[in-house]
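Please examine the sequence and the structure shown below before reading the report.

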Amino acid sequence: MAKTRTLPTAARLVAALSLAALGWLASDLVRPLMPPHTAFGWFNYVNAVLGLLCGWFVIGSRAGRGFTEALANGLTGVAALVIWAFFAQSLNLMLKQAMENKYDGPVEAIIGIFTNAVDYAQFLVDPALIAALLIGGMICGLLAEATSRRWS
């Protein structure tokens, strides 16, 4: 990999900030979909940081390939954000459950991460949330592409 591919660019910054904002917005859209007793804690912050990282490494690193590719890059970045967010939130819940001695061993706890992710996914099948993520991801990709063309 060429060293110039790892350098900070304006496109990476715009992709990171825009996907972080989308992560925060999506977190706000998720809150009403979850059960009322759900304790969210750092939910928005964790998802925004994950969006920042996915924007920088997934969308930002692929900027500059054209506007058609930008749409695909944005959707790829959102998919990465959703997968990492599911993993992070499920891992957090598994650790909480492990402290309550819900699991008999480490393998059962690891399986619990994926069980928790499936449980979360059932709550998040919402047309407004899915549309916001898809449209927002494409906008993030287009913003990164436009920035790459402007300042590269």
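This report describes the pocket and the salt bridges of the model.

The model is predicted, so that local features need pLDDT of at least 70 and side-chain atom pairs count only at pLDDT 80 or more, while totals for chains, interfaces and linings use all residues. Residues are numbered from 1 along each chain as its sequence is written, and side-chain values use heavy atoms, with hydrogens and water left out.

The largest pocket (on a 1 Å grid over the protein atoms alone, an open set of points where a 1.4 Å probe fits, with protein on both sides within 12 Å along at least five of seven lines) has a volume of about 1,000 Å³. Its lining, meaning residues with an atom within 4 Å of a point, comprises 39 residues, of which Met34, Phe40, Phe43, Gln89 and Tyr120 are the closest to the centre. By class, 26 lining residues are nonpolar, nine polar and four charged. Helix 3 contributes the most, with 12 residues; helices are DSSP runs (H or I) of at least four residues.

The whole structure holds two salt bridges, defined by a side-chain nitrogen of Lys or Arg within 4 Å of a carboxyl oxygen of Asp or Glu.

| Salt bridge | Closest N and O atoms |
|---|---|
| Arg31 with Asp28 | 3.9 Å |
| Arg149 with Glu145 | 3.0 Å |

Arg31 is partly exposed (from 20% to 50% relative accessible area, 1.4 Å probe, protein chains only) at 31%, and Asp28 is partly exposed at 37%. Glu145, by contrast, is buried (under 20%) at 2%. Arg149 and Glu145 are separated by about one helical turn, because they lie four residues apart in helix 5.

Technical notes
Grid points are joined across faces, edges and corners, and a volume is the space filled by probe spheres set on the points. Helices (H or I, at least four residues) and strands (E, at least two) are DSSP runs, numbered from the N terminus. Ala, Val, Leu, Ile, Met, Phe, Trp, Tyr, Cys and Pro count as nonpolar, Asp, Glu, Lys and Arg as charged, and the others, Gly among them, as polar.
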